[in-house]
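Here's a quick tour of the aromatic side chains, with a look at who pairs with whom and how well each ring is covered. Have the structure open while you read.

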Amino acid sequence: MEDECATSGGKQPAVRCAGFRRRPLTRRRAAGILHPMPALSAKQPPRAMLDQDDPASVRLGGRWTLVHAQAISEALGGLPEGIRQVDATGIDRIDSLGVLQLLRWTEKHGMDFGGIRFDERYRQLVSAIEDVHDERPRRGRDLGFIAALARLGKAMVENARELVVLISFLGETLSKLVRLAREPQRIRLTSTVHHMEQVGLDAVPLVLLLSFLVGAVIAFLGANVLRDFGMTIFVVELVSIAFLREFGVLLTAIILAGRTASAFTAQIGSMVSREEVDAIRTLGLDPVDLLVLPRMVALTITLPLLTFLAMVAGLAGGVAVGAISLDIPPPAYLARMQDTFQMRHFVVGMTKAPVYAVVIALIGCLEGMQVKGTAASVGERTTSAVVQSISLVIILDAIFALWFMQMGY
């Protein structure tokens with residue numbers, strides 16, 4: 001091996017050392033002209049400077065890394081309110097902490113994070129962190145008294161907001177219903193009949209079975225109490241008045257609130273998640289005319305019919321218990337029921353049925369319209385529809401009972 005280095009001739013001198021040929025020197029290097037490397041910005045702190053031409057714009061620079069976490073917080077905290085544009089192309093280096101700090105700052109000030117301009121070198125890092133920054137574990141629930149009051153207040157505000165939305169939706173639906181009455185050609189008869197079959201005819205076996213069993217239970221309970229007074233025969237009045245006035249319509253409404261309201265929410269919510277409702281609007285059609293009115297009309301027609309069947313089934317349950325356990329033959333039971341029958345109890349029960357039908361249909365359709373587009377949202381709205389419809393039906397039933405009692409009817 002040679003210990004010497006020989007220089008070969010030519011326009012670009014090359015160096016041969018120990019049998020290895022090195023890279024040819026450039027003209028500037030051969031002439032001894034060397035440019036110093038730019039100074040590393042490892043110690044350059046993060047900075048945020050207002051644009052002199054536009055006070056609502058900010059230019060970022062320096063190194064936005066974990067080492068400068070405190071300096072990043074101070075730089076962002078010193079910015080005034082009203083910032084609309086952020087230019088981050090001047091940042092020398094940024095890591096996940098810097099991106100998260102900017103994300104939190106934009107969320108706090110109501111800015112669009114997508115409007116911040118980053119250098120192309122960091123675009124993939126920013127996009128990846130932006131996609132997963134909300135997937136942090138939730139904080140533990142505060143069980144203190146103040147936190148409980150805060151949750152109660154938020155729940156009351158949310159319920160009041162839902163009530164206002166429901167009333168607004170009721171007004172919109174009634175206005176479209178009036179327009180439908182003026183323009184009968186808008187009636188979608190096929191869709192209405194289809195929903196009448198779904199919510200009415202398919203629910204008949206369930207309504208009859210449950211009403212018969214509840215009527216039998218009421219007769220058993222009444223007989224146990226009245227037997228001690230030797231007044232078992234008054235079970236007939238108890239069952240007939242209870243089912244004609246309250247239990248027939250209330251039981252039917254609760255069954256349909258759990259069965260039909262959830263179906264309406266799931267059907268419309270699935271259409272919202274698949275953007276079919278947006279497509280309906282794009283075609284120039286009204287989703288209320290197409291989706292809400294047929295369901296509401298179908299339920300308003302079928303709920304009173306189901307209520308009548310529930311009354312009959314409940315009275316049949318009382319007749320069965322009287323014949324089997326109370327030694328009251330069916331002819332005697334029916335004769336007693338005919339002698340004590342009052343039409344006003346039947347009218348009160350049937351009057352409440354259309355009101356419950358409108359409430360159940362509105363809540364089911366409204367919750368379906370409020371689906372956000374995900375499967376989880378469909379499930380949440382379906383549960384909310386069932387809870388709201390059952391609760392509101394019971395509240396309205398109590399209001400009706402107090403009002404009819406005060407009216408002496």
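Which ring does the charged end of Arg336 sit over? It's the ring of Phe234, and the charged end is 5.1 Å from the ring's centre. Keep in mind that this is a predicted model. Searching the whole structure for aromatic pairs turns up five of them.

**The pair in helix H8**
- Phe243 and Phe247 have ring centres 6.1 Å apart and planes at 35°, so this pair counts as tilted.
- Both residues belong to helix H8, which covers residues 235–273.
- They're four residues apart there, or about one turn of the helix.
- Phe243 has 0% relative accessibility, so it goes down as buried.
- Phe247 comes in at 38% relative accessible area, which makes it partly exposed.

**The Trp403 and Phe404 pair**
- Trp403 and Phe404 meet edge-to-face, with 70° between the planes.
- Centre to centre, the rings of Trp403 and Phe404 are 5.1 Å apart.
- Trp403 is partly exposed, because its relative accessible area of 48% doesn't get over the 50% needed for exposed.
- Phe404 has a relative accessible area of 9%, so it falls under the 20% cut-off and is buried.

**The cluster**
- Trp403 and Phe404 also belong to one aromatic cluster, together with Tyr356 and Phe400.

Notes:
Residues are numbered from 1 along each chain as its sequence is written. This is a predicted model: local features need pLDDT of at least 70, side-chain atom pairs count only at pLDDT 80 or more; totals for chains, interfaces and linings use all residues. Side-chain values use heavy atoms; hydrogens and water are left out. Rings of Phe, Tyr and Trp (its six-membered ring) pair if their centres lie within 6.5 Å; planes under 30 degrees apart count as stacked, over 60 as edge-to-face and the rest as tilted. Helices (H or I, at least four residues) and strands (E, at least two) are DSSP runs, numbered from the N terminus. Buried means under 20% relative accessible area, exposed over 50%, partly exposed in between (1.4 Å probe, protein chains only). A charge sits over a ring if NZ of Lys or CZ of Arg is within 6 Å of the ring centre and within 35 degrees of the ring normal.
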